[in-house]
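These are my notebook entries on one protein chain. I set out to look up its salt bridges, its overall dimensions and the surroundings of one helix.

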Amino acid sequence: MLRKMKFNAVQMAAPSFSKFTGLVPQLGLFDLPFLFKDENHLHRVLDGKVGQKLLDMVTKKGYIALAYWDNGFKQLTDSKRPLIKPDDCKGLKFRVMSSKVLIEQFKALGAIPVVLPFSEVYSALQQGVVDGQENTISNIYTKKFYEVQRYMTMTNHGYLGYLVVMSKKFWDKLPNDLKAVIKQAMKETTAKERVWAKELNEAQLNKIKEYAKKTGKLEIDYLTPQQRLVWEKKLRTIYPKFYNTIGKDLIKEAIKEGE
């Protein structure tokens, strides 16, 4: 799809951030665990200087980067035991998408990261090829991962989002007045998309809770603020490993937005 955009065979798309990390490694920032305190902190980063810097980096690679769209925060699921402390992950195999940050994240927990395509996750969980995975509620629900897992911990440890990009060839042909219209429309759409994404995650979490209550086959745990701090302290130790690829200043700037 991204290749087709270069030739204007596709004019517009909203791929996940992970599709761009090969072009702009700095986008690995959003894979860093426990970088964001909450939704407000995340949106301050996306809408602020850090977010704009990253959009500019993507634009320099030959795409017109327009906006960030939410999917949501990631949660942990597994089939072995409740994941309340970081040590509870030790020895478990977790599916990850292809991301150096996420591989290091699970290694820091003493777990075994297994890179698998998204399309293979359900069967891998079902067959015990992997013990667990991380994903947003919308992905856990629509792909029915909760049906082949015993435990889900609401960690909100990482973020999944989409980057809205446009073909540069298409953009360059537009008159300036229409470019302004698209930018304004994108601003309005992004605000609405965030509301919809939040509503969708909440509605689907309620459906997972209903399943858990009805079947007794799923345990849902919530981290207390104190427990979350233990996870945060453990996983932020991987940040220095990415000072060169993501950028120490960029990471520190993102953290500062939450202070």
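**Entry 1. Salt bridges**

I began with R236, working on a predicted model. R236 counts as partly exposed, because its relative accessibility of 25% is not under the 20% limit for buried and not over the 50% limit for exposed. I then looked up its partner: R236 forms a salt bridge with E232, and their closest N and O atoms are 3.9 Å apart. This pair falls within the 4 Å cut-off for a salt bridge.

I next asked how many salt bridges the rule gives. The count comes to nine.

I examined the pair E134 and K74, whose side chains meet at 2.9 Å, N to O. This salt bridge links distant parts of the chain, with E134 in strand β5 and K74 in strand β2, 60 residues apart. Are the two partners buried or exposed? I found E134 to be buried, because its relative accessible area is 5% and the limit is under 20%. K74 is buried as well, with a relative accessible area of 2%.

I then turned to E39 and K198, whose side chains form a salt bridge at 3.5 Å, N to O. Here too the pair links distant parts of the chain: E39 belongs to helix α2 (residues 39-47) and K198 to helix α8 (residues 176-215), with their positions 159 residues apart in sequence. I noted E39 as partly exposed, since its relative accessible area is 27%. K198 is likewise partly exposed, at 41% relative accessibility.

**Entry 2. Charges and surface**

I looked up how the charges are placed in the protein chain. There are 44 positive and 28 negative charges, and their mean positions lie 4 Å apart. The chain exposes about 13,100 Å², of which carbon and sulfur atoms supply 54%. I recorded that buried residues make up 50% of the 259 residues.

**Entry 3. Overall dimensions**

Which radius of gyration does the chain have, and what would a compact globule have? I found 19 Å for the protein chain; this agrees with a compact globule, because one of 259 residues would have a radius of gyration near 18 Å. Along the principal axes, the C-alpha atoms fill a box of roughly 60 × 40 × 30 Å.

For secondary structure, I listed 10 helices and eight strands. I also looked up the contacts between residues at least 6 apart in sequence, and 72% of these join residues at least 24 apart.

**Entry 4. Helix α4**

I asked which residues of helix α4 (residues 100-108) are buried. They are V101, L102, E104, Q105 and F106. What covers these buried residues includes the strands β2 (63-78), β3 (93-96), β4 (112-115) and β5 (132-136), together with the helices α9 (225-235) and α10 (243-256). Strands β2 and β5, part of this cover, also hold K74 and E134 of the salt bridge in my first entry. Just after α4, G110 takes a positive phi of about 80°.

**Entry 5. The loop between β2 and β3**

I closed with K80, which is found in the loop between β2 and β3. Its C-alpha atom is separated by 8.1 Å from that of L92, 12 residues apart along the chain. Leaving aside neighbours within four places in sequence, I found K80 in contact with L92, D131 and Y151.

Terms used. Residues are numbered from 1 along each chain as its sequence is written. This is a predicted model: local features need pLDDT of at least 70, side-chain atom pairs count only at pLDDT 80 or more; totals for chains, interfaces and linings use all residues. Side-chain values use heavy atoms; hydrogens and water are left out. Buried means under 20% relative accessible area, exposed over 50%, partly exposed in between (1.4 Å probe, protein chains only). Helices (H or I, at least four residues) and strands (E, at least two) are DSSP runs, numbered from the N terminus. Contact means heavy atoms within 4.5 Å. The radius of gyration is taken over C-alpha atoms; the globule rule is 2.2 Å times the number of residues to the power 0.38. Accessible areas come from the Shrake-Rupley method with a 1.4 Å probe; for residues, only the protein chains shown count as cover. Lys and Arg count as positive and Asp and Glu as negative; His and the chain ends are not counted. The place of a charge is taken as NZ of Lys, CZ of Arg, CG of Asp or CD of Glu.
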